[in-house]
Every structure is written in C-alpha cells, then in structure tokens.
Amino acid sequence: MLAKMDADVERQGRRSPLSADDEDVLHGDSASNAATVSFWAGGSYLMPVIGAAIADIYWGKYKTVLVGLSISFVGMAVITTSATLSSLRPPPCEQSARCAPATPSQRLVFFTGIYLCAIGIGGAKAAIVSFGAEQFDDDNGENAAERERKASYFSWYYAVSNLGMLTAGSLLVWVEDRVSWGLGYGVCASFVAVAVVGLAVTAPVYRIVPPVGSPLKGMCQVLVAFTHKVKLRVPEDAAELYDEEHVKTPLLEPVRERLEHTDQFRCLDKAAVVTAGDLEDGNQWRLCTVTQVEELKTLLRLIPIWLTSAVYFIANSQAQTTFVQQGTKTDSRIARGAFSVPAASLTCIETVFVAAYIALYNKSIAPAARRCLGRADAFTPLQLMGLGHAAVTAAVVVAACTEARRLEAARARSTPMSIAWLLPQYVVMAVSDASLSVGQLEFFYDQAPETIRGASTAFYFLSCSLGNFLSSQLVTLVASVTAAGGRTGWFPPDMDDGHLDYYFLLVVAITAANFAAFVYLAKNYTPKRVR
C-alpha cells in the first residue's frame with residue numbers, strides 16, 4: 001500500500017502541470033512560463049522541509065501524509081476542472097489570429113490548483129519515506145531480519161518512485177497531448193484519491209509513532225547552555241555529565257531514544273556540566289542532558305556528508321541536461337534499420353535502468369554479498385553512497401570519451417554517431433543514482449536524531465535541489481569564462497564547434513575531489529549509539 005502511495009505522489013509531483021498547459025491552454029508567453037515554472041518548482045522543493053517539520057513537531061508522519069495527499073487531491077480536482085470546463089480556460093487559438101490570454105479569474109483557478117498540489121505533495125513527500133521506514137521495528141539495529149527488510153524498503157521506494165516518474169513522463173503526457181488535458185489531470189486526481197482512501201481505511205494496520213517535539217528548541221538549548229558555561233572544564237569521566245536518569249518525564253510525553261556519549265565535539269559537553277544550583281533551578285536553557293548534546297553532535301556530523309551529496313548532484317544532473325544535448329547531435333537510430341530513440345527519451349531510459357538495477361540488487365547482488373561476506377548487511381548505507389560517488393565519476397568519464405569521439409566524427413564530416421553510444425553512460429549513471437539515493441535515504445533516517453527523522457529524508461530533496469542549482473551556475477560560469485574575449489567557448493550555439501568534452505572533464509575533477517572528501521568523512525564518521 002505504501003509503495004502505491006509512493007508512486008502516486010511521485011507521479012503527481014514529477015508531472016509539472018505548468019510548462020505546457022500555461023503555454024498551450026492558458027496562452028502565456030515563454031518568459032512568464034519559465035518564471036512560473038521556476039517559482040512553482042522552488043515552492044515544491046521547499047515544501048518537503050516544512051512538511052517534515054510539521055510531522056516531527058505537531059502531527060506525526062501519518063497525519064501529515066494523509067492531510068498532504070488530501071490537499072493535493074483538492075488541487076488536482078481544481079486543475080482538472082480548470083482544464084475541462086470551457087468557461088475556465090480561454091478559447092483555442094485560431095489560425096492567423098492573436099491568442100486571447102486567460103482572464104484573471106481563469107488564471108486564479110488554475111494557479112490555486114497547482115499551488116495546492118505543491119503544498120500537498122511537498123508536505124507528504126518527505127514524511128511518507130520516514131513513515132514507511134517506521135513500520136520496521138529493528139530494535140535499534142539489533143534485529144537483523146527487520147534491518148534487512150528496512151534496507152530493502154528504501155530500495156523499492158526509490159524504484160517505485162522512478163516508475164511513477166516514468167509513467168508521468170510517458171503515458172500521462174501522451175494522454176494529455178493526444179486525448180485531452182482534462183483526462184490526463186483526471187487520471188492523476190484518481191490515483192491520489194485512491195491513495196487517500198487506501199491510507200485512511202488501512203490506518204489500523206500501521207505502526208504510528210507520535211511526534212516527539214521541536215528539534216530546534218533542544219538544539220538551541222544546548223547552544224545557549226554552552227555559551228553560559230563556555231569557561232567551564234569538561235570532566236574526564238562522561239558519567240559526571242547530566243544524564244536522562246535525573247529527568248522526570250511526564251507520562252503523557254512520548255518516550256525518546258537515549259543516546260550514548262561520544263568524544264567528538266567535546267566542547268559541547270559543557271552544556272551538560274552540572275553546576276551548583278542547576279538542579280534546583282531546573283532551567284533547561286542552562287543545563288541539558290547528554291542526549292540533547294548528542295543530538296546536536298549527530299546533526300553536525302551529518303551536515304558535511306550531506307554537502308557531498310549536494311555536490312554529487314552536479315554530476316547527476318548532467319543526465320537530464322548535457323547528456324540529452326549530446327543525444328540531439330547523434331543519429332537517433334539505435335542501429336541501421338532499427339527503431340529511433342528521441343534524445344528527450346533518454347531520461348526515461350535511465351529510469352528503466354534504475355528500476356532494473358534495484359530489482360537485480362535486491363534479488364541477486366545483495367543476497368550474494370551476504371553469503372560471501374558472512375554478515376546480515378550486504379552493504380552499509382555509507383558503502384552504497386560511496387559506490388554512487390565512484391559510479392557518477394565513471395559515468396561522466398564515459399560521457400567525456402563519447403563526446404570526444406563524437407566531436408572527432410562531426411569535424412571529419414563522417415557518419416553521425418548512433419545514439420546507442422550514449423547508453424553506457426546512462427547505465428553507469430543509473431547504478432550511481434540508485435546507489436547514492438537509496439544509501440542516503442537509509443543513512444540519514446538511521447543516523448538522524450529521533451526528533452528530526454522526518455526532516456532527515458527532506459535532506460535528500462534539498463541536496464537534489466542544491467545540486468541542480470549549483471550545476472546551472474557552473475554551466476553559466478564556464479560558458480561566460482570560456483567565451484570571454486570573443487572566443488568560441490565550450491558552449492557555442494552549435495555544439496560541434498564547442499568542447500562539451502572539456503566541460504565533462506571539469507565535472508569529473510569536481511566529482512573526484514568530492515568522492516575523496518566523502519571517503520575521508522565516511523572513514524572518520526562516528527555513528528549514533530542508542531542506549
């Protein structure tokens with residue numbers, strides 16, 4: 001059931017209702033369309049963070065997912081109505097006639113719908129990942145069978161979400177273009193309706209964990225207490241620090257996991273140093289528990305690894321941008337006399353490779369690794385992330401070699417290279433994408449403090465967003481620098497005159513350095529330990 005909801009959320013979230021509808025139906029100009037899509041996409045990427053915070057602090061993950069899906073259903077119903085009723089959209093453009101723009105009321109209805117979708121999808125997106133993981137009680141890693149099933153869940157979640165994206169980018173696009181916009185949006189709305197009803201009906205079978213309060217408050221308390229005691233000396237024996245056993249927890253307050261003390265960032269332990277009068281005052285802004293301090297330490301350990309994931313997506317985003325540009329300059333036929341593959345469909349092919357690799361990993365690679373290694377875990381989340389970093393570097397190296405060969409053939413005016421030459425880099429990129437994404441989701445869920453479990457999965461979507469932003473800025477910078485002084489540059493209007501292969505080598509250098517940084521961080525990472 002959760003896998004079905006994952007697909008519905010991903011299918012609706014990845015199928016932007018803006019780009020084509022605003023131009024073909026609402027008759028917007030290209031500049032306003034681009035601004036609208038960018039603004040909507042920005043809001044969609046921001047909402048998982050807000051939704052995760054609401055889930056962790058107030059509603060819990062189940063209620064957040066249910067409310068988020070319900071809001072997105074209302075949004076899809078509004079969009080479907082807007083695309084179906086002639087009174088809610090401008091008349092079709094007639095030949096050699098100026099297109100009548102949408103009226104303010106027509107645009108209001110449409111934009112109300114799409115922003116309700118952004119709020120609902122974003123609110124549910126991060127919470128649904130951690131909600132699914134909460135269904136596995138691995139007893140803090142002690143239950144090997146449950147831990148194995150949870151690791152498999154993250155893999156299948158990512159595979160299902162990619163299949164949802166594939167459906168949105170192929171079948172639903174075909175329905176909207178060839179049949180009607182209203183029917184395409186109606187199909188999306190029906191999927192979300194089924195997910196809402198299914199989640200509500202099956203509520204008794206789920207393990208629902210209550211929210212544990214604001215994570216920011218506890219971390220701010222540690223920082224404030226640290227500043228008050230910055231001149232104190234940390235005791236050599238960690239047993240002298242303020243422990244949870246001294247805290248009288250109300251019966252109605254959810255039980256939180258208790259973390260063991262670690263030696264990293266020892267200066268923060270000053271917040272848990274007991275001074276005269278601390279116990280009598282009971283001021284949580286002057287005296288914090290070991291668990292509160294360790295939660296902040298854990299977050300500080302996670303941030304550098306998260307940043308390496310953001311840099312990773314600079315290379316990963318090439319599969320949707322420069323790799324596709326490569327495809328436009330090739331012969332779209334796989335082989336002579338064979339069928340053609342449009343360059344824009346290459347991203348769909350990568351999605352198929354991702355799903356196929358995850359199925360192969362779960363059914364063959366992981367069981368074989370367990371037998372060979374003689375342990376319950378085939379690969380740790382950090383090892384999977386390392387594989388993703390290494391594979392993305394290899395994928396861009398393959399792309400650079402392929403582009404150099406394509407440029408050589410183009411400048412020699414020989415037969416254009418077949419688009420089949422691009423498939424190896426997409427296969428390697430699919431292995432990289434699946435490995436890092438699955439490893440990151442599992443790693444951040446397991447290692448994040450209990451108070452930010454929902455927000456930990458939102459980190460993944462933030463790293464995607466930041467990586468794509470950095471990629472766009474890198475392309476702009478490289479194009480500007482290489483074209484300075486009237487030179488052709490690496491990104492001229494005709495790719496045959498440029499040097500996309502040099503750009504790929506630059507990305508290889510960045511990802512190789514990022515991989516080295518990740519290996520250093522992973523080897524020196526201190527895992528969270530629960531008592």
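Among contacts in the chain between residues at least 6 apart in sequence, those joining residues at least 24 apart account for 81%. The model here is a predicted one, and its chain has 17 helices and zero strands. Of the 531 residues in the chain, 48% are buried.

One pair of helices gives a good feel for how such contacts look. Two packed helices are described by the angle between their axes and the distance between the axes. For helix 11 (residues 290-316) and helix 16 (residues 453-482), the axes come within 7 Å and cross at roughly 45 degrees. That angle falls outside the ranges for roughly parallel, antiparallel or perpendicular, so helix 11 is oblique to helix 16. The crossing of helix 11 past helix 16 is right-handed. On the helix 11 side, the contact is made by Leu299, Trp306, Ser309, Ala310, Phe313 and Ile314. Helix 16 brings in Phe459, Tyr460, Leu462, Ser463, Cys464, Leu466, Gly467, Leu470, Ser471 and Leu474. Sorted by type, the residues of this contact come out as twelve nonpolar and four polar, with no charged ones.

Cys464, one of the helix 16 residues in that contact, is buried, at 12% relative accessibility. Cysteine 288 is buried too, with a relative accessible area of 0%. As for covalent links, a disulfide is a bond of that kind between the sulfur atoms of two cysteines. With a cut-off of 2.5 Å between cysteine sulfur atoms, the count comes to zero disulfides.

Next come two glutamines. Glutamine 318 sits in the loop between helix 11 and helix 12 (322-328). Despite the loop setting, glutamine 318 is buried, with a relative accessible area of 0%. Leaving aside residues up to four places away in sequence, glutamine 318 touches Phe323, Ser471 and Tyr503. Ser471 also turns up in the contact of helix 11 with helix 16. Between the C-alpha atoms of glutamine 318 and alanine 399 there are 9.7 Å, although 81 residues separate the two along the chain.

The other glutamine, 425, belongs to helix 15 (residues 423-447). Glutamine 425 is likewise buried, and its relative accessible area is 0%. Again setting aside residues up to four places away in sequence, the residues it touches are Phe323, Gln326, Ala395, Val398, Ala399 and Thr402. Phe323 is therefore touched by glutamine 425 and by glutamine 318, both of them buried under the 20% cut-off.

Methods: Residues numbered from 1 in each chain as written. Predicted model: local features only at pLDDT ≥ 70, side-chain atom pairs only at ≥ 80, totals over all residues. Heavy atoms only, no water. Axes fitted to C-alpha atoms, helices over the stretch in contact; angles between N-to-C directions. Helix = DSSP H or I, 4+ residues; strand = E, 2+ residues; numbered from the N terminus. Parallel < 35°, antiparallel > 145°, perpendicular 65-115°, else oblique. Left-handed = near helix turned anticlockwise from the far one by under 90°. Contact = heavy atoms within 4.5 Å. Nonpolar A, V, L, I, M, F, W, Y, C, P; charged D, E, K, R; others polar. Buried < 20%, exposed > 50% of the residue type's maximum accessible area, 1.4 Å probe, protein only.
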